[in-house]
Structures are given as C-alpha cells and as structure tokens.
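Let's work through a few exercises together, with the model open beside you. Try each task yourself before reading its solution.

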Amino acid sequence: MKSFLTSAAMLLAVLLFSCDTNDDADTGCVDAICTLEFVTILVTLEDSNQNPVVLDNFEVINAANGSRLGTSFSDSELEEARQLGRYPLVSDGVLGLNQERTLIFSGFIGSREMVQSQYTVATDCCHVSLVDGELQLVVD
C-alpha cells in the first residue's frame, strides 16, 4: 500500500508540473480546483463462491481506436490486485481532459478469455469517473 501511495503521489506531481496553462484554457479547466485524490476505477472479479478470480493476464482496450491502455500500477501493486481479484480499468491521467471513452476489459487465464466487459468512462478537469458498466463481475 505504501508503494501505491508513493507511486500515486509521484504521478500526481508529474501531472501537476507538466500541465501547460494553455492546454487548460483549451479544455475550460483554467479555474478548476481539484482534490489531491488519485482516482482509479477497479473491476472486481469473483467466482460463484465469492472467491477472487486470479487472472494470468488482462487488457483494457480503447474501443475507438483499438489501442491498449496502460496502468499506473507497479508490478507489486498489480500482483496484489490480482490476488484480490481487483483489476485497474483506468486511472486519472490516462485519458485526456473532458473526454468520454468506451473501454473493453478482457481477462485471461492461460490463453482462454474468461471475461470481457464494456465500460463507458468520462474525465472532467480533475478525475476519471464511470458512466456505464458493471464493476463487480462473477466469472465461472
């Protein structure tokens, strides 16, 4: 958890210092007052007995262009998330400001796709949020 907080703080610092005020003017975010909270939307996978589903691999695809989204999680954070069955869909700073995107989450055990789910997410001047999609999934 400590490494997650450190990573989140570093990412937030990079985002804050790399902001160009001209970019903010273009998005209408000049006067936005944002919290220091770092938002990550998680997809939780359980089996029918409410046990976490540990995937070998997962991916999040931007449906508009087919590109794969990265994650801000470190390897150890990803491993901890896998053991809990909680997988990052998208975090602050991954998408541009004031956008809405359709994302496809796919999870694999071995080469078999165990789950695929579609989500609509939006960003404002500060954070990412879920517009549509089920974050708690049962995988059999």
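**Exercise 1. Strand β1 and its partners**

In which sense do β1 and strand β7 pair, and over how many bridges?

Solution. Start with β7, residues 136-138: its pairing with β1 is parallel and spans three bridges. Here strands are DSSP runs of E with at least two residues and helices are runs of H or I with at least four, numbered from the N terminus, and two strands pair if DSSP finds at least two bridges between them. Within this pairing, Thr44 has Gln136 of β7 as its bridge partner.

Next, turn to strand β3 (residues 86-91), which runs antiparallel to β1 and is joined to it by five bridges. Ile41, for example, is matched with Val90 in β3.

Finally, check how covered β1 is: five of the seven residues in 40-46 are buried, where buried means under 20% relative accessible area, exposed over 50% and partly exposed in between, using a 1.4 Å probe and protein chains only.

**Exercise 2. How far to trust the model**

Find the stretch where the pLDDT is below 50.

Solution. Remember that this is a predicted model, in which local features need pLDDT of at least 70, side-chain atom pairs count only at pLDDT 80 or more, and totals for chains, interfaces and linings use all residues. Residues are numbered from 1 along each chain as its sequence is written, and side-chain values use heavy atoms, with hydrogens and water left out.

The pLDDT is the predictor's confidence in each residue, from 0 to 100. Its mean for the protein is 85, with 81% of residues at 70 or more. The stretch you want is residues 8-25, which has ten contacts in the model beyond near neighbours in sequence; a contact means heavy atoms within 4.5 Å. Where pLDDT is low, the predicted coordinates should not be read in detail.

**Exercise 3. The open sheet**

Give the strand order of the open sheet of four strands, and explain why β2 and β6 each have one side without a neighbour in the sheet.

Solution. The order is β2-β4-β5-β6, with antiparallel pairing. β2 (57-62) and β6 (128-132) are the edge strands; each has a single partner strand, so one side of each lacks a neighbour in the sheet.

Now look inside the sheet. Strands β4 (residues 100-109) and β5 (residues 112-123) are antiparallel and share ten bridges. Ser106 faces Gln116 of β5.

**Exercise 4. The nonpolar core**

Which residues have the most contacts inside the largest nonpolar core?

Solution. A nonpolar core is a set of buried Ala, Val, Leu, Ile, Met, Phe, Trp, Tyr and Cys residues joined through side-chain atoms within 4.5 Å. The largest one has 24 residues, and Leu45, Leu89, Val90, Phe105 and Val121 have the most contacts inside it. The elements giving two or more residues to this core are β1, β2, α3 (75-84), β3, β4 and β5.

Take Val121 as an example: leaving out residues up to four places away in sequence, its contacts include Ile41, Leu89, Val90 and Leu103.

**Exercise 5. Two loop residues**

Decide whether His127 and Val53 are buried or exposed.

Solution. His127 is in the loop between β5 and β6. Its relative accessibility is 15%, so His127 counts as buried. Its side chain makes a polar contact of 2.9 Å with that of Thr35.

Val53 sits in the loop between β1 and β2. With 9% relative accessibility, Val53 counts as buried too. Among the residues Val53 touches, beyond four places in sequence, are Leu45, Tyr87 and Val139.

How values were computed: Polar contact = N/O pair within 3.5 Å; in protein donor to acceptor, adjacent residues only side chain to side chain.
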